[in-house]
Amino acid sequence: MIVDIINKKRLGEELDYKELDYFFNGYLSGEVKDYQMSSLLMAICINGLTEEETFCLTKIFVDSGDVLDFSKDIKVLVDKHSTGGIGDKTTLVIAPIVASCGVKVVKMSGRGLGYTGGTIDKLESIPGYNVNLTDKEIIKQVKDIGVVISSQTANLVPMDKVIYALRDVTGTVSSIGLIASSIMSKKIASGADKIVIDLKMGNGALINNHEDAKKLEDLMIKIGKIYNREVSVIINDMNTPLGYNIGNALEVLEAIDIIQGKETDTHLVDVCYDLASEMISMGKSISKEEALKEVKDSIGSGKAYNKFEELVTAQGGNLDKIKISNKTKNIRAYKNGKLTKIDALEVGKLSVKLGAGREKLDDKIDYGVGIKLNKQLGDKVRKGDLLATLYVKDNVKISNIKEMFVIN
Ligand code: URA
């Protein structure tokens, strides 16, 4: 039966609910082995999932664990999810801003996947920050301060936890159906009424082209309808890393700069303001223009940063203890010209090589390493100008500077 199902998908045929349920729940119980699941995932990546298969898989994922229901404690709960990108620290920025504007946010985040970083890894770079809150602690905190950023609770879509980890190390991340069911099952089980999806598109994202982005958007909205959730999808570019910093602790520091209003002119800031406004607009049923004004006022008045500090303190973190590696290496411009490309994928690969992400399931992350860009796309540079500083633990050799930073 197990091999029959793999063969069926390998031949491009549609699997029914019973087959998907048997296989995926078999994996969770240990009957289906890693190599068999890897094989099915690869067949899915190559041949795709039909809409019906995606809906079935989403249900199997949701049903694999608890479904949280905050409705008796909280009137409207808004959540957001990013499909992942290089230097994407939007959650760290947005969640406290939105909460400071009076919209409650419970954000259940994940770890890094592929070359893209994960919010939970970033938060763990803040010494003491507890990413493992229980349902009760989540409800108490969101009632007390209006915001939580935590790992998925132990029994929230346990199926996604194991499949996500396996996809990460078997080259089976980029399947639209798998991405849609992974994201939407977590959003549905996390109990939010309204969901904003930040769909990243580009060479540093899981989705590389507009056609696939639209397919994924359409699928997620359809899944939302089945579960009676309002879903808004915003497609954002991910050919260039977001902001200046890539790497866990470095990204937390950049997020702080944005929440404090110190970084205002990057594409990252535009994306954060846009997503935060969308969440506030949905949460308060006001226009996006009014919501944007609230975002700017909250940053300007310091309310947003107070909320960030409140969040970190509530979860036990100590911002004073964040550490960045004290060993650095500089990358300099190899000629005069204009910076026409900062290749997100190459930068993402470099950050994993430095130790900021995982290559294998059980790799340990080094929170203090990463890349700090000194220039943004379109900047004029002169030969010898500092393009980026690498925060390293060991000496690294970089042979592809010209692919990472294209100067014309
Ligand atoms: N983010 C998720 O949560 N799941 C995916 O499959 C991809 C991005």
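Select serine 182 and the ligand: a polar side-chain atom of this residue lies 2.7 Å from a nitrogen atom of the ligand. The model on display is predicted, and every distance in this tour is computed from it.

**The ligand and its contacts**

Keep the ligand displayed and add lysine 186. One of its polar side-chain atoms is placed 2.4 Å from an oxygen atom of the ligand. Next, add histidine 81, where a polar side-chain atom and a ligand oxygen atom are 3.1 Å apart. Now turn on the molecular surface of the protein. Of the 240 Å² of accessible area that the ligand has on its own, the protein covers 98%. If cavities are drawn, go to the largest one: that is the space taken by the ligand.

**The shell around the ligand**

Expand the selection to the 10 residues around the ligand; those that come nearest are His81, Tyr164, Arg167, Ser182 and Lys186. Colour this shell by class, and five nonpolar, three polar and two charged residues appear.

Which elements give two or more residues to this shell? Select 158-170 for helix H8 and 176-189 for helix H9, which are the elements in question. Of the contributors, H9 gives the most, with four residues.

**The open sheet**

Leave the ligand and move to the strands. Select E6, E9, E11 and E7, in that order: these four strands form an open sheet with antiparallel pairing. At its edges are strand E6 (245-246) and strand E7 (327-332), each of which pairs on one side only.

Begin at the E6 edge. Strand E9, residues 370-373, runs antiparallel to E6, and two bridges join them. To view one residue pair here, select isoleucine 246 together with its bridge partner in E9, isoleucine 371.

Continue from E9 to E11. These two strands pair over four bridges, again in the antiparallel sense. Keep isoleucine 371 selected and add leucine 390, its bridge partner in E11.

The last step leads to the E7 edge. How many bridges link E7 and strand E11, residues 386-392? Their antiparallel pairing extends over six bridges. Add lysine 329 to the selection; it stands opposite leucine 390 in E11.

To finish, display isoleucine 246, isoleucine 371, leucine 390 and lysine 329 together. The path then goes from isoleucine 246 to isoleucine 371 in E9, from isoleucine 371 to leucine 390 in E11, and from leucine 390 to lysine 329.

Key. Residues numbered from 1 in each chain as written. Predicted model: local features only at pLDDT ≥ 70, side-chain atom pairs only at ≥ 80, totals over all residues. Heavy atoms only, no water. Near = heavy atom within 4 Å. Polar contact = N/O pair within 3.5 Å; in protein donor to acceptor, adjacent residues only side chain to side chain. Areas by Shrake-Rupley, 256 points an atom, 1.4 Å probe, with all protein chains shown as cover. 1 Å grid on protein atoms, 1.4 Å probe; cavity = no way out; pocket = protein on both sides within 12 Å on 5 of 7 lines; lining within 4 Å. Sits in = over half its atoms within 2 Å of the grid points. Nonpolar A, V, L, I, M, F, W, Y, C, P; charged D, E, K, R; others polar. Pairing = 2+ DSSP bridges.
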